[in-house]
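Dear colleague,

Please find below the structure that is being handed over to you. A short account of the side-chain contacts found in it follows.

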Amino acid sequence: MNLHELRDTWNELGRRDAMWAVLTGPREAERQWDRDAFFRTGVEESATVLARAESLGASPRRERALDFGCGIGRLSQALAGHFQEVHGVDIASAMLEQARQLNTAGARCQFHLNESDSLALFEDATFDFVYSCITLQHMEPQYSRRFLREFFRVTRPGGVVVFQIPGELTPVAHPPGAERTASRAEPLGPDACRAEITAPAEFTCAPGARVRLPVRVRNAGTASWPAHGDADGGRSVRLGNHWRHRFGWMVRADDVRAALHDDLDPGDEVVLDLVFDAPDHGVHTMELDMVQEHVTWFGAHGSPVARIRVTVDRALPPNTVTGIPRRMEMYGITKDEVEPLIASSGAVLLAADPDDAPGPGWTSYRYYSRRSV
């Protein structure tokens, strides 16, 4: 996802539900934040981060702070309680419009639109404190590396930089005693071949467009689905698709696959990205089904398949896709790479605290560092 796509995605999410886009709510069924509770999380987070920095011997001057990836100002307003001046930066104008409307800190908070891959709008050594959380994780590493260097460029000598970024994918732990089939990669029985598949009902795209389709899959069966199977991938469970003509006959069977990252237990769900090339013309039906490789398709045992109406519009620009909700991609930089990057930027790493900001499946760290004097 390049910066233009990232900007468009954040703008769409900001217009749809900015608070939920910034911070997943306490109960997914409700998908709605109470405004006071939302901003209170920023107050609590900023206080915790500054207290941790001080415990490490890093006490920045309380003059100017930078909130990178400020969204609607959740942390910017909170930091204004600790600094004389706070500058929030974001790539999405839809977020910044709301940040200005919701700002209760007055002139202490200033918000800036930045659509470039640098912080050129700020001169060298202008901030005492730079903070970024749950922002860099949605950027390709080529951009996040650049911004990390920019954080230290705009920080004054002796200033503090704190940022969070994932490291790498890691297997998700499973509860002890759960019934598992992955280690044996056995054929699943009919009662285990049950899935609930949720995807957009339709979308429109340009001929031959490369499409990334997010599909939510829930294990509605009675046993765990093996993610890896045998040495050649046999007996692993994956998401697959078929193409049918709009009148029903098969056009292309067994098209592409999306693999599970880890075994999926009964009742658990995951979002998989199915990446494929669209047909060259016409209106089609895409069928989505789970398959245990070299064994069976779940649909053969009565598991419901998902069907999507796909319209190929030759008038659309190349690779255009409409009708698929945008969602954020996750990226990381390993700890072994971040540490020398900090050192080469003229700073000292004080601590790398593990955190769970990206959710299950990733290592992640909150890095505390100080610009060398």
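**Charges and aromatic rings**

Arg64 lies over the face of Phe127, 4.7 Å from the centre of the ring. Please note that the model is a predicted one. A second contact of this kind involves Arg62, whose charged end sits over the ring of Phe83 at 5.5 Å from its centre.

**Aromatic pairs**

Turning to rings that meet other rings, the count comes to 13 aromatic pairs. One of them is formed by Phe247 and Trp249, whose centres are 6.3 Å apart and whose planes stand at 45°, a tilted arrangement. Both Phe247 and Trp249 are exposed. Tyr365 and Tyr367 also form a tilted pair, because their ring centres are 6.0 Å apart and their planes are at 50°, and an angle counts as tilted when it is neither under 30 degrees nor over 60. Is Tyr367 buried or exposed? Tyr367 counts as buried, because its relative accessibility is 0% and the limit for buried is under 20%. Elsewhere, Trp33, Phe38 and Phe39 come together as one aromatic cluster.

**Salt bridges**

Across the whole structure, 29 salt bridges are found. Three of them may serve as an introduction.

- Glu150 and Arg153 form a salt bridge in which the closest N and O atoms are 2.8 Å apart. Both residues belong to helix 5 (residues 141–153), and because they are 3 residues apart there, about one helical turn separates them. Glu150 is buried, with a relative accessible area of 9%, whereas Arg153 is partly exposed at 23% relative accessibility.
- Asp254 forms a salt bridge with Arg257, with 2.4 Å between the closest N and O atoms. Asp254 is partly exposed, at 41% relative accessibility, and Arg257 is partly exposed as well, at 27%.
- Glu287 and Arg307 meet through their side chains in a salt bridge of 3.3 Å, N to O. Glu287 lies in strand 13 (residues 282–292) and Arg307 in strand 15 (residues 306–312), so this pair ties together parts that are 20 residues apart in sequence. Glu287 counts as buried at 7% relative accessibility, while Arg307 is exposed, with a relative accessible area of 53%.

Which residues are joined into one network by salt bridges that share partners? They are Glu45, Arg74, Asp355 and Arg366.

With kind regards

Conventions: Residues numbered from 1 in each chain as written. Predicted model: local features only at pLDDT ≥ 70, side-chain atom pairs only at ≥ 80, totals over all residues. Heavy atoms only, no water. Phe/Tyr/Trp six-rings, centres within 6.5 Å; stacked < 30°, edge-to-face > 60°. Buried < 20%, exposed > 50% of the residue type's maximum accessible area, 1.4 Å probe, protein only. Lys NZ or Arg CZ within 6 Å of the ring centre and 35° of its normal. Salt bridge = Lys/Arg side-chain N within 4 Å of Asp/Glu carboxyl O. Helix = DSSP H or I, 4+ residues; strand = E, 2+ residues; numbered from the N terminus.
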